[in-house]
Amino acid sequence: MDPLALLIYLAIIVIVILVVWFLLGKVALPEPTGTIIQIAIVVIVAIVVIGILLNMVGGGLPRLR
């Protein structure tokens with residue numbers, strides 16, 4: 001993956017996450033549910049970004065068979 005493709009992937013991820021975060025801020029969720037959803041979003045995004053960056057250096061997340 002070339003650096004330009006990586007930059008495009010990361011930009012798309014950032015845009016999607018900002019939209020989801022904005023929508024979650026507008027929707028009035030009960031306190032424990034809203035916090036759990038926000039934590040889950042952060043964890044999922046971190047895993048995706050780490051996977052993309054590891055593929056860039058030849059590592060990568062293990063694939064499920």
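**Two helices and their nonpolar contacts**

In this predicted model, Ile12 is placed in helix H1, which covers residues 3-26. The protein chain as a whole contains two helices and zero strands, and its 65 residues include a buried share of 12%. The surface exposed by the protein chain amounts to about 5,300 Å², of which 77% is supplied by carbon and sulfur atoms.

Helix H1 consists of 24 residues and reaches 35 Å from its first C-alpha to its last, a span close to the 34 Å expected at 1.5 Å a residue. Helix H2, formed by residues 31-56, has 26 residues, and its reach of 38 Å between the first C-alpha and the last is close to the 38 Å expected at 1.5 Å a residue. After H2 comes Gly58, for which phi is positive, near 95 degrees.

The buried residues of H1 are Leu6, Ile13 and Leu24, and what covers them includes H2. In H2, the residues Gly34, Ile41, Val45, Gly51 and Ile52 are buried, and the buried residues of this helix pack against H1. In soluble globular proteins, nonpolar side chains tend to be buried together. In the present model, the largest nonpolar core is made up of six residues, namely Leu6, Ile13, Leu24, Ile41, Val45 and Ile52. To this core, H1 and H2 each supply at least two residues.

Two members of the core illustrate how H1 meets other parts of the chain. Ile13, located in H1, counts as buried because its relative accessibility is 17%, under the 20% limit that defines a buried residue. When neighbours within four places in sequence are left aside, Ile13 is in contact with Val45, Val48, Val49 and Ile52. For one of these partners, Val49, which lies 36 residues from Ile13 along the chain, the C-alpha atoms of the pair are separated by 8.3 Å. Leu24, likewise a residue of helix H1, is in contact with Leu29, Ile37, Gln38 and Ile41, again with neighbours within four places in sequence left aside. The C-alpha atoms of Leu24 and Gly34, which are ten residues apart along the chain, are separated by 7.7 Å.

Helix H1 also holds Ile12, whose setting can be set beside that of Ile13. Ile12 counts as partly exposed because its relative accessibility is 47%, a value that falls between the 20% limit for buried residues and the 50% limit for exposed ones. Ile12 takes part in a nonpolar surface patch of about 530 Å², which is made by Leu4, Leu7, Ile8, Ile12, Val16 and Val20. An α-helix has 3.6 residues a turn, so residues three or four places apart point the same way. Among the residues that make the patch are Ile8, Ile12, Val16 and Val20, whereas Ile13 belongs to the largest nonpolar core.

How values were computed: Residues are numbered from 1 along each chain as its sequence is written. This is a predicted model: local features need pLDDT of at least 70, side-chain atom pairs count only at pLDDT 80 or more; totals for chains, interfaces and linings use all residues. Side-chain values use heavy atoms; hydrogens and water are left out. Patches are made of residues with over 30% relative accessible area and no salt bridge: like charges are joined within 9 Å, nonpolar side chains (Val, Leu, Ile, Met, Phe, Trp, Tyr) within 5 Å. Accessible areas come from the Shrake-Rupley method with a 1.4 Å probe; for residues, only the protein chains shown count as cover. A salt bridge is a side-chain nitrogen of Lys or Arg within 4 Å of a carboxyl oxygen of Asp or Glu. Helices (H or I, at least four residues) and strands (E, at least two) are DSSP runs, numbered from the N terminus. Buried means under 20% relative accessible area, exposed over 50%, partly exposed in between (1.4 Å probe, protein chains only). The expected span of a helix is 1.5 Å times one less than its number of residues. Contact means heavy atoms within 4.5 Å. A nonpolar core is a set of buried Ala, Val, Leu, Ile, Met, Phe, Trp, Tyr and Cys residues joined through side-chain atoms within 4.5 Å.
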